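Thanks for making the time this morning. I would like to walk you through one model, moving from single residues to domains and then to the contacts between chains.

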Amino acid sequence: MDAVEYLDLLLKALLLAGVYAAMAVGMTVIYGVMKIVNLAHAGFLMLGAYFALEMFQRFHIDPILGAVMALPVFFLFGMLVHWILVRWLPKSDTPTLASLLLMFGFLLVLQNVGYLLWGTEDQSILTPLTLSSVQIGEISIAKVKLVVFVAAVVCMIVLQIVLHRSWFGRSMRALIQNPYAAKIVGVDDQRTARLTFGLGTAFAGFAGALLGMLYSFSPDFGRPFLLRSFVIIVLGGLESVSGVALGAIVLAVLETFSTAIPLPWYWHKWSFYYLPPSYQPVVPFALLVLVLVIMPKGLAGLFNRKWKAA
Amino acid sequence: MAALKDVSFDIPENQICGFIGPNGAGKTTLFSLITGAVRPSAGQVHFRGKDVTGMSSAALVKRGVARTHQVVRPFKAMSVLENVQVAVHYGRHAVTRTAVAREHAMEALKLVGLDRKANVLASAISLGEQKRLEVARALATAPELLLLDEICGGLTGSETGAMMELLHRIREGGTTIMYVEHDMKAIMAVCDRITVLNFGQKLAEGKPEEVQNDASVIEAYLGKSTFRDKKRG
Amino acid sequence: MKRPLGAAGWIKVILPWILLAGLLLLPATHPSDNLIRLLFITAVWTTTSLGWNLLGGMAGQVSFGFAVFFGLGAYTTALLMHAGHSPYFGFVGGAAIAMLASFLIGLPTFRLRGPYFVIATIGVTEAVRVIMNNLDVTGGASGYRITEDKPFSPLEHYYTAIAAVALAFVVSMVIAGSKFGLALRAIKQDEDAAADLGVNPFTSKLWIHAIAAGLTGIAGGIYARRAAFFYPGDVFAFQTGISILLMPVIGGIGTVWGAVLGGVVFGMVEEELVVHFPNLHLLIYGSLLIVIILLEPDGLLGLLRRLFRLFRRKREDSGSPDADQILWGRGGVEGRKF
């Protein structure tokens with residue numbers, strides 16, 4: 001492989017990281033504020049993709065616009081889910097299995113709804129953007145990837161502003177950093193939790209729509225992305241939005257380069273092999289286990305970790 | 001910052017050794033270092049001449065070192081008897097037969113006066129009883145060295161008295177005790193030797209009366225709270 | 001300290017024997033092939049349910065990854081049979097390989113606690129499926145076919161499955177009443193406190209994981225031998241792992257009878273209901289899970305107990321604290337406030 005090809009891969013990895021970050025950030029805010037491992041995230045991603053598809057097919061709305069429209073719609077949907085299901089969970093400072101299984105049950109329901117509405121076959125959103133590409137020197141990039149990347153980054157920036165400038169963002173960050181102190185100074189945790197769940201769901205729907213423009217999807221669409229989201233938020237230290245960006249880049253680069261980097265292998269003598277492309281899906285899963293075991297406090301935790309075995 | 005620095009001491013066999021010191025002096029940290037919950041960055045722990053530094057708490061129990069926690073942690077979904085039974089099964093003697101283990105567990109419960117609550121769920125007994133259950137569990141592992149962390153916190157006066165009596169009986173049974181407590185009266189009454197810690201360093205060591213009269217101890221520890229302690233004792 | 005058995009106690013002692021006798025004598029009544037098939041599949045699922053419950057229910061380590069052991073059992077049995085060995089040797093081999101895999105998976109993942117362990121098991125099971133899809137020895141994604149010289153005998157399969165579920169039941173009962181079972185319950189409630197009493201949580205979890213994996217591997221082998229054709233997307237599927245987890249949770253997590261009940265209900269539902277409503281099974285399981293988590297953590301068994309109590313009007317503490325401990329963490333019963 002020559003330098004141009006590596007540059008090409010790096011560029012693709014960075015573009016991928018953008019949408020990965022948008023995908024994982026919804027899960028992070030929910031975990032941060034409520035300590036809920038939101039397995040239903042996969043379902044929200046799937047619904048987001050179908051939302052953009054329906055908008056596109058029925059009303060001829062551009063999928064990018066569809067993705068933006070998903071934000072308010074899924075925000076309300078998330079608040080509704082919180083009101084019906086999530087608020088009955090008892091508060092906990094540590095994630096409970098009950099919350100995990102509850103969200104998993106909801107994921108199964110969402111998936112089934114997906115199958116009932118849209119059947120089992122793969123669908124994809126095809127727009128003029130999908131097939132055209134931009135040529136930069138020897139590198140060609142699909143336009144849709146660029147557009148998706150820009151949309152994701154813009155949305156992340158807006159989120160950062162909301163988190164740091166608004167009343168809601170401040171109370172959210174307060175709850176993440178110190179729930180007790182936050183409640184003492186008068187943060188309404190129930191209301192903030194409801195808004196946070198809405199926000200997390202909104203981002204999931206938005207990211208799902210973006211992913212739907214890049215990949216074909218079925219009602220079972222969310223699961224591999226769910227696990228990728230886990231890898232990202234664990235890499236990012238579970239609770240910080242900026243950590244998510246870092247985690248997304250790390251995962252996207254590792255995944256993209258996994259089949260392009262020769263791996264040393266010893267069998268009677270040293271030699272180099274490439275990971276067969278069919279094994280590429282293993283990378284995020286293996287990384288998930290590795291990251292959880294080796295650096296449970298994320299990349300940042302590596303620098304000041306207190307190691308305690310078992 | 002080091003929670004403990006240059007602290008060195010020996011625990012003579014078959015004695016009750018008390019550890020006192022103001023909040024944050026490093027008493028609980030000391031226990032955690034000994035029982036392997038925290039690995040020391042420097043220094044060693046020897047037990048009966050063998051280096052046991054950093055050994056897991058389970059392995060230490062097998063060698064005869066057991067501890068209680070300041071904050072009690074009973075298995076709430078088990079009966080009081082079952083709580084102690086776990087300790088008998090997996091303690092130093094590793095009793096296998098259930099019937100034998102139950103007998104041993106009942107003995108430990110009798111010692112702390114909980115035998116009448118044996119079949120009650122551990123979540124349904126009072127805090128004082130949970131503290132005694134914590135001691136019974138540690139005792140049931142048949143330890144040679146028993147580390148007790150604030151077993152009298154939150155107990156009434158008569159309960160404390162009963163606990164002190166219990167400590168004497170445990171020692172008569174041949175067990176060495178390391179004892180951390182805030183209640184000065186209790187610790188002065190029961191200990192053979194006392195070590196005073198302050199800001200992670202050893203301040204004084206000796207018999208209770210010696211320590212009580214040590215000028216540096218009075219200044220560092222009792223000095224600031226003389227009034228309160230006088231009122232209490 | 002033996003207390004006399006009450007009516008409920010006697011039922012618990014006698015019921016397994018009655019059930020076993022009934023199941024063994026059933027073929028004498030010339031039942032339909034469909035009923036035998038239904039009972040076969042239910043027995044296979046119940047075996048996995050009992051296996052999962054050892055780790056998830058007794059030791060409180062909820063795993064999404066039992067499809068790995070089910071699939072390994074299936075493939076090991078198939079490969080051993082292909083090499084000319086008896087299928088029963090194949091089941092033993094499947095159990096052995098599944099146990100070996102359980103150690104490899106457990107060594108890193110049991111350093112994690114609670115939901116982090118759960119997530120790690122999801123990662124493991126997905127990774128294993130991708131690998132199995134690509135291995136030559138498994139025939140890859142296209143599947144594997146078992147050919148037997150003997151004519152197909154539904155009753156032999158049936159009795160094998162009954163034997164497996166009986167084995168799983170006996171193993172569960174023995175462990176539940178043993179010192180090891182007590183240690184597992186202690187670990188479920190408070191790992192650190194258990195370690196302070198001399199229990200080694202890490203090795204205990206490794207062993208119970210291995211036993212659970214072995215039982216699941218046997219079930220996988222028995223399933224594969226009757227199915228005669230299977231592929232990684234089937235036996236290693238994420239959905240298989242979910243099913244194995246759902247059964248004890250639905251039936252009543254942490255109790256042997258709950259696992260049995262869950263397995264039986266799941267087997268019946270899967271084979272009967274799904275045939276009539278093929279598009280609704282996820283919806284059914286999903287809503288059942290939601291209802292169980294929010295309203296009755298003890299599952300169907302808890303519901304039965306509640307009904308039983310209604311008739312007897314007896315005051316008792318509500319529900320078993322075990323399910324609460326697993327689902328809601330250390331707080332136990334008082335942790336739940338509605």
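**A walk through the predicted model**

Let me begin with a glycine in chain B, B:G26, which sits in the loop that runs between strand β1 (16–20) and helix α1 (27–34) of that chain. Please keep in mind throughout that what you see is a predicted model. Is B:G26 buried or exposed? Its relative accessibility comes to 8%, and because anything under 20% is classed as buried, B:G26 counts as buried. This glycine also has a partner that is remote along the chain, since B:G26 and B:Q201 are 175 residues apart in sequence, while their C-alpha atoms are 8.2 Å apart in space.

Staying with chain B, I turn to its domains. The domain assignment splits the chain into domain 1, made of residues 1–64 together with 143–233, and domain 2, made of residues 74–142. Taken over C-alpha atoms, the centres of domain 1 and domain 2 of chain B are separated by 24 Å. Where the two meet, 16 residues of domain 1 of chain B are in contact with 13 residues of domain 2 of chain B. Between them, these two domains of chain B bury about 1,300 Å², and 68% of that area is on carbon and sulfur atoms. On the domain 1 side, B:K62, B:P143 and B:L166 supply 35% of the area that this domain buries against domain 2 of chain B, which is more than any other three residues. How many salt bridges are there between domain 1 and domain 2 of chain B? The count is one. Separately, I would point you to the salt bridge that B:E144 forms with B:R92, in which the closest N and O atoms are 3.6 Å apart.

Now let us go outward to the chain contacts, starting with chain B and chain C. Here 29 residues from chain B and 26 residues from chain C take part, and the two chains bury about 2,400 Å² between them, with 59% of it on carbon and sulfur atoms. The count of salt bridges between chain B and chain C is three, and I can also show you B:E82 and C:R185, whose side chains meet in a salt bridge with an N to O distance of 3.2 Å.

For chain A and chain C, the contact takes 38 residues from chain A and 44 residues from chain C. About 3,800 Å² is buried between these two chains, 81% of it on carbon and sulfur atoms. One salt bridge is found across the interface of chain A and chain C; look for A:R223 and C:E126, whose side chains meet in a salt bridge at 2.7 Å, N to O.

Inside chain C, I would like to single out a histidine, C:H209, which has its place in helix α9 (residues 201–227). With a relative accessibility of 2%, C:H209 counts as buried. Leaving aside residues up to four places away in sequence, C:H209 touches C:L55, C:F66, C:F69, C:S102, C:I105, C:G106 and C:F110.

I will finish on the surface of chain A, where A:L7, A:L10, A:L14 and A:I249 make a nonpolar patch of about 320 Å². Helix α1 of chain A (residues 3–34) gives the most to this patch, with three residues. A:L10 lies in that helix of chain A and is partly exposed, with a relative accessible area of 36%.

Methods: Residues numbered from 1 in each chain as written. Chains lettered and ligands numbered in written order. Predicted model: local features only at pLDDT ≥ 70, side-chain atom pairs only at ≥ 80, totals over all residues. Heavy atoms only, no water. Patch = residues over 30% accessible without salt bridge, like charges linked within 9 Å, V, L, I, M, F, W, Y side chains within 5 Å. Areas by Shrake-Rupley, 256 points an atom, 1.4 Å probe, with all protein chains shown as cover. Salt bridge = Lys/Arg side-chain N within 4 Å of Asp/Glu carboxyl O. Helix = DSSP H or I, 4+ residues; strand = E, 2+ residues; numbered from the N terminus. Buried < 20%, exposed > 50% of the residue type's maximum accessible area, 1.4 Å probe, protein only. Domains from an automatic or database assignment. Contact = heavy atoms within 4.5 Å. Buried area = accessible area lost by both parts, 1.4 Å probe.
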